[in-house]
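This report describes selected features of a protein chain, from backbone geometry to the packing of its interior. The sequence and the structure are shown first.

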Amino acid sequence: MVGAGSPPRGGAGARGADALRRWRRRDDADGAPVLDLTDVHEVTTALLVPPPELRGVRRRVVDQFTLLSANRAKLARSINWGPLDGLLNAVVPATRRLDTRGRLPAEVSLLLPISTLPKRALVAFNLAGPGGSDAHLVPYTTSVVIQGYVVALLANEIGHLPPPEAQRMVDAISRFRPGRLSVNRPGLMPRRRPLDGRPPRPLSLRALGEYLAREADLSVPEPTLRRWTGRVEAAQDTLLAALDEPFDPLSSADTLLLAAGELRRDPELPDEPTVGDMDRYLAVFVDWIDDLVAAGAPAVPVLSTIAEYGRRWEALAQVTLDPYRPSLIKMAEERRAQLVRRPPARHASRWRAAAGSLALTNPVALVDLDPGVGSYHVSIGTDDSSIEISHPVVLDLYDRPVERTYVEDVQDNREVYAYYTTDVRRPSRARLAVGLSVSPDVSRVTVAISVLMAMAVGLAALPVELGPDAVAVITVPSSFAATVLLTRERSSLAAWVLGPVKATLLALLVALAILSGLRALGWHQPADSAAGLAGAAGPARPPSGAGALSHVVSGRST
């Protein structure tokens with residue numbers, strides 16, 4: 001099929017007029033076939049980066065996050081698009097690739113943007129088109145080409161169209177996936193630093209050389225690698241500053257030599273590039289970045305887009321819709337749940353001030369927000385009714401609280417937190433943090449049992465003799481604690497939230513068992529009891545009671 005899998009790089013001339021004009025509207029619009037615009041990249045790029053007069057075509061994005069377990073979180077996203085006839089009539093005729101004069105047909109096939117997703121494997125991914133019709137996720141390679149068009153469009157608007165070598169590097173940045181290194185060569189990954197707020201370590205020169213040798217089949221001498229690293233360092237810093245996100249060693253924009261390895265996978269290059277060819281590609285790309293920096297503020301969208309495509313990719317859905325009616329696209333996927341025991345350090349004091357529960361810890365769930373353009377609705381909840389959420393905080397990607405979120409409406413209860421915003425000044429990317437806790441009835445019972453167990457352990461540790469009633473008092477809390485420990489939670493999320501409390505109960509139960517065993521062996525035996533036990537083996541005791549008193553008195557009188 002001539003189409004979305006390999007859109008033309010150079011416009012109509014790359015394919016010829018006959019190949020491009022696969023559809024010509026007849027005078028009778030009602031009898032016209034489906035208008036296929038999946039290979040007209042100008043339409044797709046206009047939907048991704050709409051001109052100012054057409055930015056209202058994407059009306060609303062609704063994100064619903066559901067914490068399914070301690071390991072999985074479900075994202076259900078719906079994107080509301082307005083009628084696209086105005087955009088199509090403005091964009092398609094200007095390309096001179098299709099005759100769309102007059103009324104458009106009732107069905108148009110095109111590529112609609114869904115979301116900018118992280119570069120990772122998709123899990124339980126599902127798409128639905130308008131009215132529940134079929135929608136197909138385009139291949140990753142198609143998204144790479146479209147992303148190249150987006151960068152070229154933005155650069156052309158400021159008069160800095162990328163040279164062919166720089167365009168190849170842009171495509172290589174988009175093409176790289178972190179799994180090539182983190183999964184295929186985990187030994188080359190930098191060691192993680194503790195959670196102290198410092199950025200992660202960059203890849204070592206040895207790791208870069210080994211990656212290029214094993215994954216790109218390119219043996220680069222160490223002096224050349226060192227020279228390349230020094231050459232691209234300023235460009236990497238420029239891209240990172242334009243994106244304004246923390247450093248990521250697996251981003252092909254933050255570590256450009258990872259993208260250099262993707263040049264050998266470029267399907268448009270006739271021959272595999274050599275070390276000399278890669279040296280030329282890197283040099284031209286760095287020079288082009290320098291030109292963008294010299295252009296000033298107008299070049300920031302170009303630089304930030306390149307940097308973002310080093311971390312994420314544009315998910316596009318091929319759908320068939322009525323261009324004169326609004327459309328609704330639905331997407332669902334499962335992501336890894338981001339759960340931490342303590343709030344991020346940079347706003348821990350704010351969380352401690354807000355925490356009002358008796359929980360021993362303040363576990364937090366984090367979700368990534370991608371508002372995009374148009375109004376944005378987001379909600380977060382759990383699949384377990386025994387888990388409650390509280391104290392929502394919107395953070396930037398540096399884990400700092402966002403001072404102004406421009407929220408216009410909020411729904412907040414123990415099970416769901418949701419907010420709505422239409423202000424274009426809202427953060428383009430952020431994270432939503434919510435506290436997790438068990439329901440109050442479960443929390444009260446668990447804390448009460450923990451207190452009783454602590455008292456029982458303290459009583460068993462005192463150097464006093466315990467009577468039968470005291471022993472019963474000690475054993476009752478231990479039976480309650482054992483019941484709590486053996487009770488299976490409704491979900492792994494609840495088990496994770498209660499993990500520290502159960503670990504504390506288990507430690508107290510073990511301590512109580514050890515102290516009871518030591519008492520049985522005579523540990524902490526009172527001194528008078530020990531003397532009495534020793535006297536039991538010696539001479540007979542004097543008679544007790546009145547006889548003993550008379551014996552003592554008679555002895556004194558004598």
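## Backbone geometry in two loops

A residue is called buried under 20% relative accessible area, exposed over 50%, and partly exposed in between. The model discussed here is predicted.

Asp217 has a relative accessible area of 59%, and because this value is over 50% the residue counts as exposed. Asp217 belongs to the loop that joins helix 7 (205–215) to helix 8 (222–243). Most residues other than glycine have a negative phi. The phi of Asp217, near 55 degrees, is positive although the residue is not a glycine.

A second aspartate, Asp399, also has a positive phi, of about 65 degrees. Asp399 is located in the loop between strand 12 (387–395) and strand 13 (409–412). With a relative accessible area of 21%, Asp399 is partly exposed.

## An open mixed sheet

Seven strands, in the order 5-8-3-2-11-14-13, make up an open sheet with mixed pairing. Strand 5 (123–128) and strand 13 are the edge strands; each has a single partner strand, so one side of each has no neighbour in the sheet. From one strand to the next, the twist averages 10 degrees.

At one edge, strand 5 pairs with strand 8 (residues 327–336) in the antiparallel sense over 4 bridges. Within this part of the sheet, Ala128 stands opposite Lys330 of strand 8.

## Two covered helices

Helix 2 (residues 41–48) is largely enclosed by the rest of the structure, because 7 of its 8 residues are buried. The buried residues are His41, Val43, Thr44, Thr45, Ala46, Leu47 and Leu48. Their cover includes strand 3 (72–81), helix 3 (85–95), strand 4 (108–118), helix 4 and strand 7 (312–321).

Helix 5 (residues 164–175) is also mostly covered, with 10 of its 12 residues buried. Charged and polar residues such as Arg168, Asp171 and Arg175 appear among the buried positions, as do Ala166, Met169, Val170 and Ile173. The buried residues of helix 5 pack against helix 4 (140–157), helix 9 (256–262), helix 10 (275–295) and helix 11 (300–309). From its first C-alpha to its last, helix 5 reaches 16 Å, close to the 16 Å expected at 1.5 Å a residue.

## Nonpolar cores

The largest nonpolar core contains 63 residues, of which Leu37, Val43, Leu88, Leu110 and Leu436 touch the most other members. Leaving aside residues up to four places away in sequence, Leu88 touches Leu37, Val43, Pro93, Leu104, Val108, Leu110 and Pro323. Another core, of 56 residues, lies apart from it and includes Val145, Ala207, Leu258 and Met278.

## Strand 15 and the annotated segment

Ser437 is part of strand 15 (residues 430–438). Its relative accessible area of 18% is under 20%, so Ser437 counts as buried. Beyond residues up to four places away in sequence, Ser437 touches Ser386, Ile387, Glu388 and Val497.

For residues 493–515, an unreviewed UniProt entry lists a "transmembrane region". In the model, the chain over residues 493–515 is 96% helix and 0% strand. The C-alpha atoms at the two ends of residues 493–515 are 33 Å apart.

Note on methods. Residues are numbered from 1 along each chain as its sequence is written. This is a predicted model: local features need pLDDT of at least 70, side-chain atom pairs count only at pLDDT 80 or more; totals for chains, interfaces and linings use all residues. Side-chain values use heavy atoms; hydrogens and water are left out. UniProt positions are given in the numbering used here, feature names are shortened, and annotations may be inferred rather than shown by experiment. Buried means under 20% relative accessible area, exposed over 50%, partly exposed in between (1.4 Å probe, protein chains only). Two strands pair if DSSP finds at least two bridges between them. Axes are lines fitted to C-alpha atoms, for helices over the stretch in contact, and angles run from 0 to 180 degrees between N-to-C directions. The expected span of a helix is 1.5 Å times one less than its number of residues. Contact means heavy atoms within 4.5 Å. A nonpolar core is a set of buried Ala, Val, Leu, Ile, Met, Phe, Trp, Tyr and Cys residues joined through side-chain atoms within 4.5 Å.
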